[in-house]
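Welcome! Take a moment to turn the structure around and find your bearings, and then we can walk through it together.

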Amino acid sequence: MSSLKNRRYLDALLKKPVDRTPVWMMRQAGRYLPEYREVRSQAGDFMSLCKNPELACEVTLQPLRRYPLDAAILFSDILTIPDAMGLGLYFETGEGPKFEKTVQSLADVKSLKNLDSNRDLKYVMDAVTTIHKALDGDVPLIGFSGSPWTLATYMVEGGSTRQFAKIKKMAYQSPEILHALLDKLAVSVIDYLNAQIDAGAQAVQIFDTWGGVLSQKDYAEFSLDYMAKIIDGLNLTKNGERVPVVLFTKGGGLWLESIAATGCDGVGLDWSIDIGDARRRVGDKVTLQGNMDPAYLHATPQKIREEVERILASFGNGTGHVFNLGHGITPDVSPENAGAFIQAVTELSGKYHQK
């Protein structure tokens with residue numbers, strides 16, 4: 001990792017001094033870019049794109065060619081794990097991800113394949129290796145996984161949901177089934193992220209997209225405890241350096257202190273919390289990542305710039321901030337406005353890092 005030309009992102013996560021606040025965007029490789037849409041069309045469908053290491057590399061690099069980003073993130077999907085465990089992932093236009101089989105019983109949990117990521121998700125590891133080589137040390141590569149709770153919601157519900165009725169029913173009627181599933185998923189995520197680190201990922205992020213639908217007690221029991229278990233199982237030292245890990249729970253602002261206590265290096269914030277308040281609550285324990293509302297990217301470049309300035313000022317001086325959106329960039333954002341956002345961070349953040 002010492003051969004990296006741009007270490008801002010890793011240094012900020014490790015609380016080392018930086019010259020300006022590093023910036024990247026969740027879903028920075030995606031449908032808002034015309035060049036991405038072209039490659040996706042060439043691939044045929046989303047999963048074919050994910051499973052082609054060369055094309056996955058191409059779309060990972062596309063935003064870096066446009067913008068002065070401080071990190072690349074692996075192009076993949078959080079549902080690769082349940083797919084590899086035998087549930088049969090497919091996508092229906094306009095309806096999002098679906099599974100051919102779901103998990104409803106202890107027998108279903110036991111029938112799930114024990115994951116060997118280097119075998120069962122070789123295409124992901126090939127993509128990591130290909131991207132890492134293509135980056136040639138320009139910026140670090142972020143690997144990622146969904147959290148056990150978030151993966152479980154799709155596996156029990158059979159796809160996207162707004163009510164989370166089936167998985168909450170399982171949590172309250174048959175918690176032993178859900179815990180068996182979550183435990184199996186935690187073991188799989190450990191294997192998956194360690195394989196990504198071995199293949200060249202220089203930081204990893206766990207996306208807990210649906211943790212925020214739980215109560216405080218249930219969040220600790222069904223989501224956070226399993227993410228803490230994952231962190232304990234990760235090989236977070238490579239070539240003598242720390243491989244930082246970031247936890248992002250959408251809607252998790254209520255539980256910041258608990259998230260920060262897991263041993264993670266960074267906590268991702270959505271836009272519903274003020275980053276200055278978050279910093280006061282966790283102190284210097286972790287780096288904070290976030291947290292502009294992606295919808296702000298529909299504003300004028302001047303308004304975008306003003307919101308970037310407000311967030312930078314709220315966080316204040318010193319390291320420990322990775323600028324990002326509070327969730328993924330949406331397909332309807334113009335690439336020019338995304339560029340205005342990144343330009344604002346690069347131009348305005350330096351003054352917060354002067355000695």
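Let us begin with cysteine 50, which is buried, with a relative accessible area of 2%. This is a predicted model, and every value along our way is computed from it. Cysteine 264 is buried as well, at a relative accessible area of 6%. Both cysteines count as buried because their values fall under the 20% cut-off.

With cysteines in view, you may wonder how many disulfides a search of the whole structure finds. The search finds zero. Cysteine 50 is therefore in no disulfide: a pair of cysteine sulfur atoms would have to lie within 2.5 Å, and the nearest cysteine sulfur, that of cysteine 57, is 14 Å away.

Now step back to see the whole chain. The chain has 16 helices and eleven strands. Its radius of gyration is 19 Å, close to the 20 Å that the globule rule gives for 355 residues, so the chain is as compact as a globular protein of that length. Along the principal axes, the C-alpha atoms fill a box of roughly 60 × 45 × 45 Å.

What share of the 355 residues counts as buried? The figure is 60%. The chain also links parts that are distant in sequence: among contacts with a separation of 6 or more, 72% come from residues 24 or more positions apart. On the outside, the accessible surface comes to about 14,100 Å², and 48% of this surface belongs to carbon and sulfur atoms. As for charge, the chain has 39 positive and 43 negative charges, and their mean positions are 1 Å apart.

A good place to see burial at work is helix 9, which spans residues 148–157. Ten of its ten residues are buried, so look for a helix that is mostly covered. Among the buried residues of helix 9 are Trp149, Leu151, Tyr154 and Met155, and the list also includes Glu157. Just after helix 9 comes glycine 158, with a positive phi of about 90°.

Next, find threonine 21, in the loop between helix 1 (8–13) and helix 2 (34–43). Is threonine 21 buried or exposed? At 2% relative accessibility, threonine 21 counts as buried. Its contacts, leaving out residues up to four places away in sequence, are Asp70, Leu312, His321, Val322, Phe323, Val345, Ser349 and His353. Threonine 21 and threonine 319 are 298 residues apart in sequence, yet their C-alpha atoms are 7.5 Å apart in space.

The loop between helix 1 and helix 2 holds two further stops. Lysine 15 is found there, and its phi is near 65°, a positive value in a residue other than glycine. Lysine 15 is partly exposed, with a relative accessible area of 27%. Arginine 27 also has its place in that loop, and it has a positive phi of about 60° although it is not a glycine. Why stop at such angles? Most residues other than glycine have a negative phi, and most peptide bonds are trans.

The peptide bonds have a stop of their own. A cis peptide bond joins glycine 290 and asparagine 291, with omega about 0°. Asparagine 291 is in strand 10, which covers residues 287–292.

From there, move to helix 15 (residues 301–315), where you will find glutamate 307. With 10% relative accessibility, glutamate 307 counts as buried, and it touches Met292 and Tyr296 when residues up to four places away in sequence are not counted. In the loop between helix 15 and strand 11 (321–325) sits glycine 316. Glycine 316 is buried too, with a relative accessible area of 17%. Leaving out residues up to four places away in sequence, glycine 316 touches Arg279 and Tyr352. From C-alpha to C-alpha, glycine 316 and histidine 353 are 9.2 Å apart, with their positions 37 residues apart in sequence numbering.

Our last stop is threonine 249, in strand 8 (residues 245–249). Threonine 249 counts as buried, at 3% relative accessibility. Which residues does threonine 249 touch, not counting those up to four places away in sequence? They are Asp208, Gly211, Gly212, Tyr219, Met227, Ile259 and Gly268.

Notes:
Residues numbered from 1 in each chain as written. Predicted model: local features only at pLDDT ≥ 70, side-chain atom pairs only at ≥ 80, totals over all residues. Heavy atoms only, no water. Buried < 20%, exposed > 50% of the residue type's maximum accessible area, 1.4 Å probe, protein only. Helix = DSSP H or I, 4+ residues; strand = E, 2+ residues; numbered from the N terminus. Rg over C-alpha atoms; globule rule 2.2 N^0.38 Å. Contact = heavy atoms within 4.5 Å. Areas by Shrake-Rupley, 256 points an atom, 1.4 Å probe, with all protein chains shown as cover. Lys, Arg positive; Asp, Glu negative; His and termini not counted. Charge placed at Lys NZ, Arg CZ, Asp CG, Glu CD.
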